[in-house]
Amino acid sequence: QCWIQFPLPVTAAMGWAKYITRQCRCCTGSSIEFKDIDLRHQTQRHYPGRRFHDLSFREQVDILRDALRPDNNLIDPHSTGMRWWDLLIVLCLVFMGIVTPYEVIFIGPLRWTNWLFVVNRCVDAVFVV
């Protein structure tokens with residue numbers, strides 16, 4: 001996925017900046033996340049004793065890149081992988097909804113050599129994941 005990041009006007013006297021992270025429409029639609037960045041704090045964390053405006057452009061970029069990195073890893077609910085996972089879960093639920101009542105009523109206990117037993121364990125593994 002591609003991300004575009006661009007700054008809003010920076011207030012140098014206060015030492016903070018607000019950045020917008022915007023996902024391109026070509027990927028999964030438009031989503032915007034606002035994030036406040038305390039430039040003084042970030043500069044002191046990375047380069048103690050220096051000011052943000054005294055740093056080289058590369059050092060400033062490294063600080064901003066680190067500050068804009070997400071704090072946690074989330075799964076994008078609109079990704080192709082999630083759509084396939086949802087389809088797999090629906091198929092497993094339909095299988096369980098149809099086969100389990102039939103199995104309980106007509107077949108009874110299964111042995112590990114039966115193909116239905118193996119398929120049931122595979123479906124169980126999908127639900128565990």
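Modeller: A salt bridge here is a side-chain nitrogen of Lys or Arg within 4 Å of a carboxyl oxygen of Asp or Glu. The model under discussion is a predicted one.

Biologist: How far apart are N and O in the salt bridge of Arg51 and Asp54?

Modeller: Both residues of this pair, Arg51 and Asp54, are exposed. Their side chains meet in a salt bridge, and the N to O distance is 3.4 Å.

Biologist: How many salt bridges does the count come to by this rule?

Modeller: The pair of Arg51 and Asp54 belongs to the count, since a nitrogen within 4 Å of a carboxyl oxygen satisfies the rule. Applied to the model, the rule gives a count of six.

Biologist: How many residues apart in sequence are the parts that Arg45 and Asp66 tie together?

Modeller: The side chains of Arg45 and Asp66 meet in a salt bridge with an N to O distance of 2.9 Å. Arg45 lies in helix α2 (residues 39–46) and Asp66 in helix α3 (residues 57–68), so the parts that this pair ties together are separated in sequence by 21 residues.

Biologist: Which residue joins Arg45 and Asp66 in one network?

Modeller: Arg45 is partly exposed at 49% relative accessibility, and Asp66 is likewise partly exposed, at 22%. Salt bridges that share partners join these two residues into one network with Arg69.

Biologist: Is Glu59 buried or exposed?

Modeller: Glu59 forms a salt bridge with Arg50, with the closest N and O atoms 3.3 Å apart, and Arg50 counts as partly exposed at 32% relative accessibility. For Glu59 the relative accessible area is 18%. Because the cut-off for burial is under 20%, Glu59 counts as buried.

Biologist: In the chain, which element has the lowest confidence?

Modeller: The chain averages a pLDDT of 77, with 74% of the residues scoring at least 70. Confidence is highest in helix α4 (residues 80–107), at 92, whereas the lowest mean, 47, belongs to strand β1.

Biologist: How many contacts beyond four places in sequence does the model have for residues 20–25?

Modeller: Over residues 20–25 the pLDDT stays under 50. Where pLDDT is low, the predicted coordinates should not be read in detail. With that caution, the number of such contacts in the model for residues 20–25 is 31.

Biologist: What pattern does the chain follow along the sequence?

Modeller: The chain holds five helices and three strands. Read along the sequence, these elements follow the pattern β-β-α-β-α-α-α-α.

Notes. Residues numbered from 1 in each chain as written. Predicted model: local features only at pLDDT ≥ 70, side-chain atom pairs only at ≥ 80, totals over all residues. Heavy atoms only, no water. pLDDT = per-residue confidence, 0-100. Helix = DSSP H or I, 4+ residues; strand = E, 2+ residues; numbered from the N terminus. Contact = heavy atoms within 4.5 Å. Buried < 20%, exposed > 50% of the residue type's maximum accessible area, 1.4 Å probe, protein only.
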